[in-house]
Each structure stands twice: as structure tokens, then as C-alpha cells.
Amino acid sequence: MQTIRDTVWWITGASSGIGRSLALYVLTNGGNVVLSSRNSEALERLAVEAGVSGDRYLVLPLDLESMEGIEIKVHKVLSKFSHIDFLINNGGISQRSLASETDIAVDRRIMETNFFGSVILTKAVLPVMIKQHKGHIAVVSSVVGKFGFPLRSAYSASKQALHGFFESLRAENVSNNIKVSIIIPGRINTAVSNNALSKDGTAYGMLDQGQAKSMSPDKAAPIIVKGILKEKKEIMVGGKELLMVYIHRFIPRLYYYLANKVSAT
Ligand SMILES: NC(=O)c1ccc[n+]([C@@H]2O[C@H](COP(=O)([O-])OP(=O)(O)OC[C@H]3O[C@@H](n4cnc5c(N)ncnc54)[C@H](OP(=O)(O)O)[C@@H]3O)[C@@H](O)[C@H]2O)c1
């Protein structure tokens, strides 16, 4: 199994929640990290908190909704670290609105951020990894990447699209020695519901019921990183809500009952 020390990780969504905890975990275990998201101040603060020297990290702001010039950013990473071992496509945005009420611009924004943003970055990094004949790409999906769920129509669609893309990518790149992991969090205690989009594109601004009692991102991070280092194809992380993945697969009638019940409340 590979270790973290001296490896180079590019992590999106590193300013908050799961991405932030992943970045801190990798930095404190001797890895080098490219920190990306829109909020560069939060990324700088994270690097200070990690207490590592400037040669161990690069703050590289990017907006997954607008990826023009991404090749220049890849060059910046290579100028600093000369190679990329791990790309973690974690940045994303959730949804709290009915499909019937959601503005199509909101559906597109969720798709652009969660699906196309990660795909564009992956396509920019892929030639580097192919040249290295080595690399590992991970993408953060969700349990709703496995099934649909009320109030998550575009979000679930964006996550399910990631499964199709990244499973295909994995099969295409076996001979290039590039590994692909799909991370499936259940409920993790982050600002994901606060930042989720409402029907008109404004932030939902509330913590979901039960979110505060869910697994902390600091607990999730080592589980995710260890799964990646073990080259797991899928990494499930969270609490008992992960059971829904198995219920959907093996007891579909119970899944329909539970999903309909949520819909009716
Ligand atoms: N927490 C959960 O229960 C849960 C469950 C399943 C899946 N997930 C997934 O886990 C990932 C991380 O979410 P989280 O829970 O850590 O939520 P979070 O605390 O809201 O973090 C989301 C991260 O994504 C970044 N981001 C959002 N839009 C972006 C954009 N347009 N460009 C660049 N970065 C952007 C944010 O950074 P900036 O605002 O600085 O850009 C932030 O760092 C997401 O893909 C989410 O769908 C979370």
C-alpha cells in the first residue's frame, strides 16, 4: 500500500467540510497538497492551521462552474511539484428543492459544478498522469449517486452522472496505471445543507435535521484516504444512512416506501 509522505494531492472543495479535513489529514501526514476552491482566504487559513512550510502546499483558487484556463493551473501545479499523484474531485453543491419548482438555471448550475467541473479538471490532469504512467483520481459522489431522493433531483442526477463517467474512465485507463475511486458519503457533519441551492438558486441556509449528530469530516477523512491508498473502487463513509444503498439494491420495495414517505412530509 502506498503511503502519504511526499506524495502530491490536488483537492477541490478544500475550503470547507470534507475537502478541508482531507487536506489537513494529508498535510499532517507528510503529503503535499494543492488547495482549490473559490474562497482563497479560507484556503490560506487552512494552510496556516496545518502549520506546514510553504513548499508543501499551493493555494490555487478555481471555480468549478467556470473552468476556462484550467491548463494554466495544471502548469502552475507542475511548476511547483513536478508531478501529481492524487486528484480528489470533492468540491460540489447540494440541493433542497422540488423538481417541479426548481428553475432550470439551478439544475444547470448543479450539473456544471458537480459534474462538468470535475470532468474538466480530470481531463486536464489525465494527460499528466498518462505521461507519468501513474496516478489516482477520486471523485466524491453521495448515497444519492446510487438512487434518487426527494428534493435532490438535479443533485442526484449530477452524482449518478459521475458514476457513469468515472467507471468508464477507470476501465479505459487500466493500461495507463491510473486508479479511480468513487467516494460515497452518507451524512457528514458539514455546511453542505447550508450551502445547498433552493429552487431559485439562493442558499438553503439551514442545517438538516440530524446533520449535527452525523459523522464529523475529521473522522471521515482518514477513512477516505485509507480507502484511496488501498485502491478501493468505491469507498462508503458515514453512519447507518449508508444502509439505504443496500435497501435500494436488495429490498427495493422498502426503498420506494421510505422515499415516498419523505416526499409526503
Ligand atoms: N456532507 C455530506 O453529508 C455529504 C454527503 C454526500 C456527499 N457530499 C459531497 O461531499 C463534497 C463536499 O461537500 P461538504 O459536505 O464538505 O460540503 P461543504 O462544506 O459545503 O463544502 C463544499 C466545498 O465545495 C466547494 N465548492 C462549491 N462550489 C464550488 C465551485 N463552484 N467551485 C469550486 N469549489 C466549489 C466549496 O468551496 P468554496 O465555497 O470556497 O468554493 C467547499 O469547499 C460535495 O461534493 C458533496 O456533494 C457531502
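Which residue places a polar side-chain atom 2.9 Å from a nitrogen atom of the ligand? In this predicted model, that residue is Asp63.

## Polar contacts to the ligand

Asp63 uses its side chain: a polar atom there lies 2.9 Å from a ligand nitrogen. Leu64 uses its backbone instead. A polar backbone atom of Leu64 is 2.8 Å from a nitrogen atom of the ligand. Asn39 also works through its backbone. One of the backbone N or O atoms of Asn39 sits 3.0 Å from a ligand oxygen.

Taken alone, the ligand exposes 880 Å². The protein buries 94% of that area.

## The shell around the ligand

The ligand is surrounded by 31 residues. Ser16, Arg38, Asn90, Tyr155 and Thr190 are the closest. By class, the shell holds 16 polar, 10 nonpolar and five charged residues.

Three helices each give two or more residues to this shell: α1 (17-28), α5 (153-172) and α6 (192-195). Of these, α1 is followed further below, through its packing against α7 and α2.

## α1 against α7

Two packed helices are described by the angle between their axes and the distance between the axes. For α1 and α7 (residues 217-229), the axes come within 8 Å and cross at roughly 65°. The crossing is right-handed.

On the α1 side, the contact uses Gly17, Ile18, Ser21, Leu22, Tyr25 and Val26. On the α7 side, it uses Pro217, Asp218, Ala221, Pro222, Ile224, Val225 and Lys226. By class, this contact has nine nonpolar, two polar and two charged residues.

## α1 against α2

α1 also packs on α2 (residues 40-50). Here the angle is about 35°, and the axes are 10 Å apart. This crossing is right-handed.

α1 supplies Arg20, Ala23, Leu24 and Leu27 to the contact. α2 supplies Leu46, Glu49 and Ala50. By class, the contact of α1 with α2 has five nonpolar residues, two charged residues and no polar ones.

## Summary

α1 gives two or more residues to the ligand shell. α1 also meets α7 and packs with α2. The ligand itself is 94% buried by the protein, with polar atoms of Asn39, Asp63 and Leu64 at the distances given above.

Key: Residues are numbered from 1 along each chain as its sequence is written. This is a predicted model: local features need pLDDT of at least 70, side-chain atom pairs count only at pLDDT 80 or more; totals for chains, interfaces and linings use all residues. Side-chain values use heavy atoms; hydrogens and water are left out. A residue is near a molecule or strand if one of its heavy atoms lies within 4 Å of it. A polar contact is a pair of N or O atoms within 3.5 Å; within protein, one must be able to donate a hydrogen and the other to accept it, and residues adjacent in sequence count only if both atoms are side-chain atoms. Accessible areas come from the Shrake-Rupley method with a 1.4 Å probe; for residues, only the protein chains shown count as cover. Helices (H or I, at least four residues) and strands (E, at least two) are DSSP runs, numbered from the N terminus. Ala, Val, Leu, Ile, Met, Phe, Trp, Tyr, Cys and Pro count as nonpolar, Asp, Glu, Lys and Arg as charged, and the others, Gly among them, as polar. Axes are lines fitted to C-alpha atoms, for helices over the stretch in contact, and angles run from 0 to 180 degrees between N-to-C directions. A crossing is left-handed if the near helix is turned anticlockwise from the far one by less than a right angle, and right-handed if clockwise. Contact means heavy atoms within 4.5 Å.
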